[in-house]
Amino acid sequence: MLTRRTFIKSTLVANIALIAPTSMALTAIKNEQGEQPLLIFADENSSNASLFSKQFSEAEAHISLDIGLHFDTFNAFCRENPNGWVSGITRDSDFFVLQQLASQHGYHTAYSATHTVSNNTLAHQVTSSAEKAPLLAQALSNAGEKWPTWLANNLATLQHATAADNTANSQIQSISQAGDNHVLVSWLLIPSNSTQS
C-alpha cells in the first residue's frame, strides 16, 4: 500500500523525472515503487515487454496466446490489493480485454501508449493527462531503444487520478530493430478511487 510519506516523495521525484534527463530519472523513482502493490503483464513474444517486466520483482504474468488464462490472476490481484496498480506491455488486443476487465473492478486507464516500429522508425503515441502526455512522449523518445526500461523505472510518473484523455506523439529514426516491424501497447491501470494525480 502506498503510504502518504511515500506518495509525497514519489510525487516530488516524479515531477523531477518529467523535466530531468532520462539517466537521472532512472534511479530516482525505482526505489519509491517498493511499497506499491503491482501486477505486471508482458507479451512473452516481445523483447521490449520482457525488458519492461525484468525491472520488477513483483508478480508478473506472461501472456501466451490466450489472455483468458490470466483472468484469475487479475481478479485475485484486484481483490487482494484494492489500491494496487496493473501495468504492462502487450498486444493491443490483450490491453483491450484487460482494460474491460479492470473497469469491472473500478479501475481506469491513467496512461497508455502505442509503440510502433516500422522502417527504421520508433514512434510513440501517448495518451495521458493534458500536462503529462507531451512530456511523457518526449521522455520516451529521449530514452531511445531503452524506452521499456524508462517506463518501468518511471511508473509513478504515469499515474493520474482521472482517465487518460489527451494524446501526444514522438518518434526517433535509425533504430537497430528496423527489420522487426511491430506494434505494442504500454499501459497503467489504477483504481478510480485513487487520490493521486
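## Confidence

The chain has a mean pLDDT of 76, with 72% of its residues at 70 or more. The model is predicted. Confidence within the chain is lowest in helix α2 (residues 22-30), where the mean is 31. It is highest in helix α7 (residues 147-153), at 94.

Over residues 1-33 the pLDDT stays under 50. For this stretch the model has 55 contacts beyond four places in sequence.

## Strand β1 and its parallel neighbour

Strand β1 covers residues 38-43, and 6 of the 6 are buried, so the strand is largely enclosed by the rest of the structure. In a regular strand, side chains alternate between the two faces of the sheet. In β1, Leu 38, Ile 40 and Ala 42 point one way. Leu 39, Phe 41 and Asp 43 point the other way, and the residues of both sets are all buried.

The partner described here is strand β3 (residues 85-90), which pairs with β1 in the parallel sense over 5 bridges. Within this pairing, Phe 41 stands opposite Gly 88 of β3. Two residues of β1, Phe 41 and Asp 43, return below: Phe 41 belongs to an aromatic cluster, and Asp 43 to a salt-bridge network.

## Strands β4, β5 and β6

Strand β5 (residues 121-128) is mostly covered, with 6 of its 8 residues buried. Strand β4 (residues 107-118) pairs with β5 in the antiparallel sense over 7 bridges. The β4 and β5 hairpin has 2 residues between its strands, and Asn 119 takes a positive phi near 50 degrees there.

β5 also pairs with strand β6 (residues 166-173), in the antiparallel sense and over 8 bridges. Val 126 of β5 appears in both pairings: Ala 113 stands opposite Val 126, and in β6 the bridge partner of Val 126 is Ala 168.

## Helices α3 and α6

Ser 53 is found in helix α3, which spans residues 47-53. Its relative accessibility is 2%, under the 20% limit, so Ser 53 counts as buried. The side chain of Ser 53 reaches the backbone oxygen of Ser 50 at 3.1 Å.

Helix α6 spans residues 133-143, and its buried residues are Ala 133, Leu 136, Ala 137, Ala 139, Leu 140, Ser 141 and Ala 143. An α-helix has 3.6 residues a turn, so residues three or four places apart point the same way. Among the buried residues of α6 are Ala 133, Leu 136 and Leu 140. Just after α6, Gly 144 takes a positive phi of about 60 degrees.

## Salt bridges

The structure holds 2 salt bridges. In one, the side chains of Arg 91 and Asp 43 meet at 3.4 Å, N to O. This pair links distant parts of the chain, 48 residues apart: Arg 91 lies in the loop between β3 and α5 (92-104), and Asp 43 in strand β1. In the other, the side chain of Arg 91 meets that of Asp 94 at 2.7 Å, N to O. Salt bridges that share partners thus join Asp 43, Arg 91 and Asp 94 into one network.

How exposed are the members of this network? Arg 91 is partly exposed, with a relative accessible area of 22%. Asp 43 is buried at 5%, and Asp 94 is buried at 4%. Side chains of opposite charge can pair when their charged atoms come close.

## Aromatic pairs

The count comes to 4 aromatic pairs. One of them joins Phe 41 and Trp 187 in a tilted arrangement, 6.2 Å centre to centre with 35 degrees between the planes. The pair links distant parts of the chain: Phe 41 is in strand β1 and Trp 187 in strand β7 (residues 182-191), 146 residues apart. Both Phe 41 and Trp 187 are buried.

For Phe 52 and Phe 56, the ring centres are 5.3 Å apart and the planes at 65 degrees, so this pair is edge-to-face. Phe 52 is buried, and so is Phe 56. Phe 41 and Trp 187 also form one aromatic cluster with Phe 74 and Phe 95.

Note on methods: Residues are numbered from 1 along each chain as its sequence is written. This is a predicted model: local features need pLDDT of at least 70, side-chain atom pairs count only at pLDDT 80 or more; totals for chains, interfaces and linings use all residues. Side-chain values use heavy atoms; hydrogens and water are left out. Buried means under 20% relative accessible area, exposed over 50%, partly exposed in between (1.4 Å probe, protein chains only). Helices (H or I, at least four residues) and strands (E, at least two) are DSSP runs, numbered from the N terminus. Two strands pair if DSSP finds at least two bridges between them. A polar contact is a pair of N or O atoms within 3.5 Å; within protein, one must be able to donate a hydrogen and the other to accept it, and residues adjacent in sequence count only if both atoms are side-chain atoms. pLDDT is the predictor's confidence in each residue, from 0 to 100. Contact means heavy atoms within 4.5 Å. A salt bridge is a side-chain nitrogen of Lys or Arg within 4 Å of a carboxyl oxygen of Asp or Glu. Rings of Phe, Tyr and Trp (its six-membered ring) pair if their centres lie within 6.5 Å; planes under 30 degrees apart count as stacked, over 60 as edge-to-face and the rest as tilted.
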